[in-house]
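Here is a short tour of the structure below, starting with how far the model can be trusted and moving on to its cores and charged pairs. Keep the 3D view open as you read.

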Amino acid sequence: MNMQTVDGNKLIEVKNRIKALQEIIRYNQNDKIGYSLSQHSARMHGALRDIMKPAEFLLLFPNAPADADADFVPENTEIAAKQTTLAAAIAAQPANDPGNNYRNYTVIPIQNRIAELQRQKQFSIDTYNRQKLKPDRPLTETEFLQLYPTPTFTAENAAIAAAQTECNKLDAFLKSGPYPQYPAAYDVDLLAGTASYP
């Protein structure tokens with residue numbers, strides 16, 4: 001504690017500095033952070049309502065599904081199993097099959113399932129190619145945040161913290177005096193690290 005006599009000009013300077021720091025805090029909180037968050041929120045609500053753009057679709061899904069890729073592992077696995085079953089069914093087909101009952105009830109359903117799986121894969125590829133040119137759905141919230149992450153405001157938060165710290169020091173300085181036994185005396189050590197340090 002270093003109590004020293006402080007003149008009125010110094011007190012006015014400290015009070016003006018507090019007002020300036022409060023304006024820095026207000027500007028960063030309301031004008032920068034608040035405005036950016038409201039713009040981001042408005043953009044997100046618009047994106048959740050409107051159809052996504054082709055560029056956004058390509059950023060989210062850069063690779064088209066391909067038949068040999070991991071995109072169709074379940075379908076390819078089932079097709080391979082069905083082809084093995086089909087080969088065994090054809091090999092076990094009786095030579096004399098009146099009315100083609102064996103073929104109609106054993107072989108054709110397996111062939112139909114294989115063809116259906118092939119169509120499912122082709123449908124997925126065609127859908128991707130169509131969506132790539134003209135998407136037909138809006139972004140989901142997760143997709144929007146993946147493309148447009150919420151700003152972090154590191155610089156603004158640092159400026160707010162620095163201004164708040166200095167403001168607290170200046171406020172503590174103003175509250176440190178005057179005492180009845182020390183008229184016009186304040187603890188000037190509390191001004192250390194502020195713009196008003198003597």
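Within the chain, confidence is lowest in β1, with a mean of 80, and highest in helix α5 (residues 141-147), at 94. This is a predicted model, and the mean pLDDT of the chain is 89, with 98% of its residues reaching 70 or more.

**Nonpolar cores**

Let us turn to the interior. The largest nonpolar core has 16 residues, and those with the most contacts inside it are Val6, Val14, Leu170 and Phe173. Two elements, α1 (8-49) and α6 (154-175), give two or more residues each to this core. The largest share, six residues, comes from α1. Val6 is a good place to zoom in: leaving aside residues up to four places away in sequence, Val6 touches Leu11, Phe173, Ala184, Tyr186 and Val188. There is also a second, separate core of nine residues, which includes Ala47, Met52, Leu139 and Phe144.

Phe144 turns up again around His40, a residue of helix α1. Not counting residues up to four places away in sequence, His40 touches Phe144, Leu145, Tyr148, Pro149, Thr150 and Pro151. His40 counts as buried because its relative accessible area is 13%, under the 20% cut-off.

**A patch on the surface**

On the outside, Met1, Tyr179 and Tyr182 form a nonpolar patch with about 370 Å² of accessible area together. Met1 sits in the segment before β1 (3-5), and is exposed, with a relative accessible area of 72%.

**Salt bridges**

Side chains of opposite charge can pair when their charged atoms come close. A search of the whole structure finds nine salt bridges; the table shows some of them.

| Pair | N to O distance |
|---|---|
| Glu78 and Arg113 | 2.8 Å |
| Glu143 and Arg137 | 2.8 Å |
| Lys175 and Asp171 | 3.1 Å |

Glu78 is partly exposed at 27% relative accessibility, and Arg113 is partly exposed at 24%. In the second pair, Glu143 is buried at 11% relative accessibility, whereas Arg137 is partly exposed at 28%.

Lys175 and Asp171 are both in helix α6; they are four residues apart, so about one helical turn separates them. Lys175 is exposed, with a relative accessible area of 63%, while Asp171 is partly exposed at 33%. Finally, have a look at Glu23, Arg26 and Asp31, which are linked in a network of salt bridges.

Methods: Residues are numbered from 1 along each chain as its sequence is written. Side-chain values use heavy atoms; hydrogens and water are left out. A nonpolar core is a set of buried Ala, Val, Leu, Ile, Met, Phe, Trp, Tyr and Cys residues joined through side-chain atoms within 4.5 Å. Buried means under 20% relative accessible area, exposed over 50%, partly exposed in between (1.4 Å probe, protein chains only). Contact means heavy atoms within 4.5 Å. Patches are made of residues with over 30% relative accessible area and no salt bridge: like charges are joined within 9 Å, nonpolar side chains (Val, Leu, Ile, Met, Phe, Trp, Tyr) within 5 Å. Accessible areas come from the Shrake-Rupley method with a 1.4 Å probe; for residues, only the protein chains shown count as cover. A salt bridge is a side-chain nitrogen of Lys or Arg within 4 Å of a carboxyl oxygen of Asp or Glu. pLDDT is the predictor's confidence in each residue, from 0 to 100.
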